[in-house]
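Subject: Structure handover

Hello,

Here is the structure I said I would pass on. Please have it open while you read the notes below.

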Amino acid sequence: MQPLSVQLQEIAALPPDRPMSMPGAFYTSPEQFAREAATVLRRGWHCLGRTDEVPEAGDFFTVQLLNEPLIVVRQADGAIAVLANVCRHRGMPLAEGCGNTKRFVCSYHAWAYDLDGGLMRAARMKNAGFDAKNCGLHRHNMQLWNGFIYVNLDANAAPFDHPKLDALLSNYDSAAFKVAHVAEEVWNTNWKCLVENFMEGYHLSVVHPETLHGYTPTGLARKLASGDGFTSYAANYPKDIPSRGLGAPDLTEDERLRSTLFSIFPTQVASQAASLLVSLSIFPLNAGQIRVKWTLSTYGDDLDAETIAARVALWEEVNHEDREKLERMQIALSSDHALSGPLAEDDYEGTIRDFQLWLAAQDRI
Ligand code: FES
Ligand SMILES: [Fe+2]
């Protein structure tokens, strides 16, 4: 058997009309996961949530990305910062969960940090080697895009730029969507399995017969733009379906009659519809486990409270249906017989091929 890195290059080099999936070990091997954690995940831009989860100065939430505990905070000047949630004294995490604070005070020896990470106060520190100016919290490389907050653990990573995706989403006014629901769960699946699952329309009618099939049947799925670091497809609605909110004024009729699903690799998958924006941030824990944080946001006053509650319930059900499949598949993927298999054509599984091509390119860096 070839090493997985060689198999990935071979699969990426297949002709577009003969795509194949990667074998099970790609999704179950701890060595493969360690390699990804040191490369593609370490170098990637990861969505942490929405800017309006922290609307006021001092609002914060915490999150763990690989080995890095993070604080996402709205500073006094209104800017958002992503700080290392690691005290510069002896390494205690400074904050837990989410909330609002004037400063972060370490629970161990009470060092106090400003909202921008600067050390304000450290009691009884008289030794010559101590200089408060050198003891600020690390400020991670971060970027905002369409109302989402991203971090890159590589301090030198260039900002991401996806002009083709920007063009695809421009009419939706994604930045104006307001968050209505945030939830987190731990799923027993590989992180790449959820990216692939969310981004292929092939399973829609089979896995979601009651929840999605009526609106987004497999047969109407169409591949959309892809490029360096993202892919997308349209989950089109049947023409006779009742409108689910008008959304932004510039939306075309076609855009109102579909959900535009996109992934910003490696770990964000999202569904942008006229009045509803659902995004899943995937935090890989090990080869077979992820933490999923999902947000549901809505446009203007398009949806009333009852409709929003119904959409949240629908998406809980959809996620439950996908999770059940992925958790069962994760067990079978450890089989010696989880071999590379043929993929469906572009409209149904071309997004998986886009992901493979990107992973293969990343693995060559
Ligand atoms: S570890 Fe934070 S003050 Fe000592
Ligand atoms: Fe699904």
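What follows is a short account of the domains, one sheet and a few backbone details.

Please keep in mind that this is a predicted model.

Domains

The domain assignment splits the protein chain into domain 1 (4-44 + 162-364) and domain 2 (46-152). Their C-alpha centres are 30 Å apart. At the contact between them, 20 residues of domain 1 meet 15 residues of domain 2. On the side of domain 1 that touches domain 2, the elements giving two or more residues are helix 4 (40-43), strand 11, strand 16 (276-286) and strand 17 (289-298). By type, the residues on that side of domain 1 are nine nonpolar, eight polar and three charged.

The sheet

Strands 11, 16 and 17 also belong to an open sheet of seven strands, ordered 11-17-16-15-14-13-12 and paired in the antiparallel sense. Strand 11 (178-187) and strand 12 (221-223) each have a single partner strand, so each has one side without a neighbour in the sheet. From one strand to the next, the twist averages 15 degrees. Helix 10 (residues 346-364) packs on this sheet, where it touches strand 12 and strand 13 (230-236). The direction of helix 10 makes about 40 degrees with that of strand 12.

Within the sheet, strand 14 (residues 258-264) and strand 15 (residues 268-272) form an antiparallel pair with five bridges. In one of these, Ile-264 has Gln-268 of strand 15 as its bridge partner. The loop between strand 14 and strand 15 contains Pro-266. The peptide bond that joins Phe-265 and Pro-266 is cis, with omega about 5 degrees.

Positive phi

Two residues that are not glycine are worth a look for their backbone angles.

Ala-110 has a positive phi of about 70 degrees. Ala-110 sits in the loop between strand 6 (104-105) and strand 7 (112-113). Is Ala-110 buried or exposed? Ala-110 is exposed, because it has 12 other C-beta atoms within 10 Å and the class takes in residues with 12 or fewer.

Asp-173 has a positive phi of about 60 degrees. Its place is in the loop between helix 5 (163-169) and strand 11. Asp-173 has 17 C-beta neighbours inside 10 Å and therefore counts as partly exposed.

Regards

Technical notes:
Residues numbered from 1 in each chain as written. Chains lettered and ligands numbered in written order. Predicted model: local features only at pLDDT ≥ 70, side-chain atom pairs only at ≥ 80, totals over all residues. Pairing = 2+ DSSP bridges. Helix = DSSP H or I, 4+ residues; strand = E, 2+ residues; numbered from the N terminus. Axes fitted to C-alpha atoms, helices over the stretch in contact; angles between N-to-C directions. Contact = placed C-beta atoms within 7 Å. Domains from an automatic or database assignment. Nonpolar A, V, L, I, M, F, W, Y, C, P; charged D, E, K, R; others polar. Buried ≥ 20, exposed ≤ 12 C-beta atoms within 10 Å, placed from the backbone.
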